[in-house]
Structure formats: structure tokens, C-alpha cells
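This report goes through one protein model, from its general make-up to its aromatic rings and its charged side chains. Please keep the sequence and the structure in view while reading.

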Amino acid sequence: LAAPEGETVAETGYAQLHGDPDSDAEVWHQQTYPDTCAVVSQEFILETYLERDFSEEELALEAISKGYYFPGIGTYPEHVGNLLEDYGIEVERSDGNTMEDIADKLSNNQKIIVGIDANEIWAPSGEEQLKDLLVMPEANHAVMVTGYDDSTETVYLNDPGHPDGNGLKVNKEDFENAWNDSCNFMVIFGPFSDLDCYFFMI
């Protein structure tokens with residue numbers, strides 16, 4: 001179900017599955033190293049759009065040589081998408097996004113990488129929420145968002161850090177709690193925009 005011409009999905013209020021999580025799941029694999037989630041998330045998108053296989057090892061070495069990825073630390077958000085740009089794919093980096101933004105981008109067949117607190121996805125609990133309030137939010141992971149179902153409020157992820165991350169289903173509330181920790185950072189196609197939030201994605 002598509003929104004009428006000239007209207008966004010958010011404006012119509014139609015419930016639907018945005019994106020194609022089944023197709024995107026075909027490029028998923030678990031990351032080999034503990035801090036290459038941003039590299040592997042970019043690998044998913046490269047393989048989808050360029051229709052060729054890439055090696056995590058080779059992309060990681062390329063990212064190291066160019067100063068995009070720091071072994072033992074991870075990837076700064078301003079460098080997420082650099083590998084895509086190097087292969088001719090223009091990206092947009094922004095924060096302060098909403099679920100409506102995700103739904104609209106997915107409905108336009110765009111691919112998305114977001115920064116999250118992995119703990120709030122893998123083992124959501126009140127303790128994690130309390131830590132956000134008492135200490136500070138911690139975004140420590142990058143994933144590819146492959147789908148969002150309005151009717152069930154389910155977010156689909158290609159999560160390279162989880163052994164069952166192939167089309168991982170997460171409820172909207174848990175996803176938003178995890179995503180909020182990165183100031184709702186995401187990378188999509190489009191012009192570059194400045195960032196107000198800084199963190200590592202490992």
C-alpha cells in the first residue's frame with residue numbers, strides 16, 4: 001500500500017510494512033570482530049546496491065587505512081557511510097530523527113543505518129532505562145534497519161552483533177529506547193548534514 005502522490009506515509013496514516021526485510025536479510029552475516037558493526041552494516045548496503053560480494057576483513061582494513069575505523073574502539077558516527085561514499089553512494093547523516101522518518105525512507109526504497117544502545121535491544125530492562133536517567137545514554141552499536149510494520153509496531157533489523165540478527169524483530173518501544181541513546185542518529189542516501197551528537201559504534 002503506497003501513500004497517495006504528494007503525501008508521505010506518515011501523513012496518510014496507512015498501516016503497512018515499510019521496507020523489504022526478507023530481501024535485505026539475504027546479505028546478513030554476524031560480524032567477526034567485536035567492534036566492526038558499522039563496517040559490516042555498510043557491507044550489507046554495499047552488497048545490496050552494487051550486487052557483489054564484499055569481505056568484512058577487506059573493508060575493515062580499508063577503513064583502518066583511511067581513518068574511518070579504529071580497532072579496539074570502533075567507528076565515529078561522522079565516519080559511518082564513508083565506505084559507501086568511496087564506492088560512489090552518496091549518504092546523508094543526521095540526528096533528531098523519528099519513526100516516521102524511518103518509515104518514509106524505507107518506503108522510498110532507501111537503506112538506513114542507525115546508532116543504538118545494543119543492551120536495550122538484546123536484553124531490554126528497566127535497569128538500562130534507569131542507567132540512562134542516572135548516568136548518561138550510551139550508544140555503542142550500529143545496525144541496518146530493514147523494515148517497520150505500522151500495524152504491529154515491529155522494527156526489523158540486520159544486526160551484525162547478534163547471532164540471531166538476521167531480520168531481528170524488535171518492538172517499537174525497545175527500539176526507540178535504544179535509538180534515543182544516539183540522539184536518533186541515522187545514515188541514509190542524500191546530502192551531508194552536520195551532527196550534534198558524538199559517540200562510538202563498536
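## A charged pair at the surface

At 39% relative accessibility, Lys66 counts as partly exposed. Its partner Asp86, at 37%, is also classed as partly exposed. The side chains of these two residues meet in a salt bridge, with 3.0 Å from N to O. Lys66 lies in the loop between α4 and β2 and Asp86 in helix α5, so the pair ties together parts that are 20 residues apart in sequence. Glu62 also belongs here: Glu62, Lys66 and Asp86 are linked in a network of salt bridges.

A word on the background helps. Side chains of opposite charge can pair when their charged atoms come close.

## The model as a whole

The structure is a predicted model. The protein has nine helices and nine strands. Of its 202 residues, 51% are buried. The accessible surface comes to about 9,500 Å², and carbon and sulfur atoms account for 49% of that area.

How are the contacts spread along the sequence? Among contacts between residues at least 6 apart in sequence, 67% join residues at least 24 apart.

## Other salt bridges

How many salt bridges does the structure hold? The count is four. One of them joins Lys111 to Asp24, whose closest N and O atoms are 2.8 Å apart. Lys111 lies in the loop between α6 and β5 (112–116), while Asp24 is in helix α2 (residues 21–24), so this pair ties together parts that are 87 residues apart in sequence. Are Lys111 and Asp24 buried or exposed? Both are buried.

Another salt bridge is formed by Glu85 and Arg93, with the closest N and O atoms 3.0 Å apart. The two ends of this bridge fall into separate classes of accessibility. Glu85 is partly exposed, at 34% relative accessibility, whereas Arg93 is buried, at 1%.

## Aromatic pairs

A search of the whole structure finds three aromatic pairs. In one of them, the ring centres of Phe54 and Tyr87 are 5.2 Å apart and the ring planes stand at 90 degrees, so the pair is edge-to-face. This pair links distant parts of the chain, 33 residues apart. Phe54 is in the loop between α3 (37–50) and α4 (56–65), and Tyr87 is in the loop between α5 (82–86) and β4 (92–94). Phe54 counts as buried, with 10% relative accessibility, but Tyr87 is partly exposed, with a relative accessible area of 29%.

Phe70 and Tyr76 form another of the pairs. Their ring centres are 5.8 Å apart and their planes are at 75 degrees, so this pair is edge-to-face. Phe70 is placed in strand β2 (residues 69–70). Both members are partly exposed, Phe70 at 31% relative accessibility and Tyr76 at 30%.

## Further surroundings of the rings

Phe54 also has a charged neighbour. Arg52 lies over the face of Phe54, at 4.0 Å from the ring centre. Phe70 and Tyr76 appear again at the surface: together with Ile73 they make a nonpolar surface patch of about 230 Å².

## Tyr148 and helix α6

Tyr148 is in strand β6 (residues 141–149). Is Tyr148 buried or exposed? With a relative accessibility of 5%, Tyr148 counts as buried. Leaving aside residues up to four places away in sequence, the residues that Tyr148 touches include Gln16, Leu17, His18, Tyr156 and Lys172. Met99, Ala103 and Leu106 are also among the residues touched by Tyr148.

Those three belong to the buried residues of helix α6 (residues 99–107), which are Met99, Ile102, Ala103, Asp104 and Leu106. A general point about helices is useful at this stage. An α-helix has 3.6 residues a turn, so residues three or four places apart point the same way. Tyr148 can also be related to Glu100: the two are 48 residues apart in sequence and 9.8 Å apart in space, from C-alpha to C-alpha. After α6 comes Asn109, which has a positive phi, near 65 degrees.

Conventions: Residues are numbered from 1 along each chain as its sequence is written. This is a predicted model: local features need pLDDT of at least 70, side-chain atom pairs count only at pLDDT 80 or more; totals for chains, interfaces and linings use all residues. Side-chain values use heavy atoms; hydrogens and water are left out. Rings of Phe, Tyr and Trp (its six-membered ring) pair if their centres lie within 6.5 Å; planes under 30 degrees apart count as stacked, over 60 as edge-to-face and the rest as tilted. Helices (H or I, at least four residues) and strands (E, at least two) are DSSP runs, numbered from the N terminus. Buried means under 20% relative accessible area, exposed over 50%, partly exposed in between (1.4 Å probe, protein chains only). A charge sits over a ring if NZ of Lys or CZ of Arg is within 6 Å of the ring centre and within 35 degrees of the ring normal. Patches are made of residues with over 30% relative accessible area and no salt bridge: like charges are joined within 9 Å, nonpolar side chains (Val, Leu, Ile, Met, Phe, Trp, Tyr) within 5 Å. Accessible areas come from the Shrake-Rupley method with a 1.4 Å probe; for residues, only the protein chains shown count as cover. Contact means heavy atoms within 4.5 Å.
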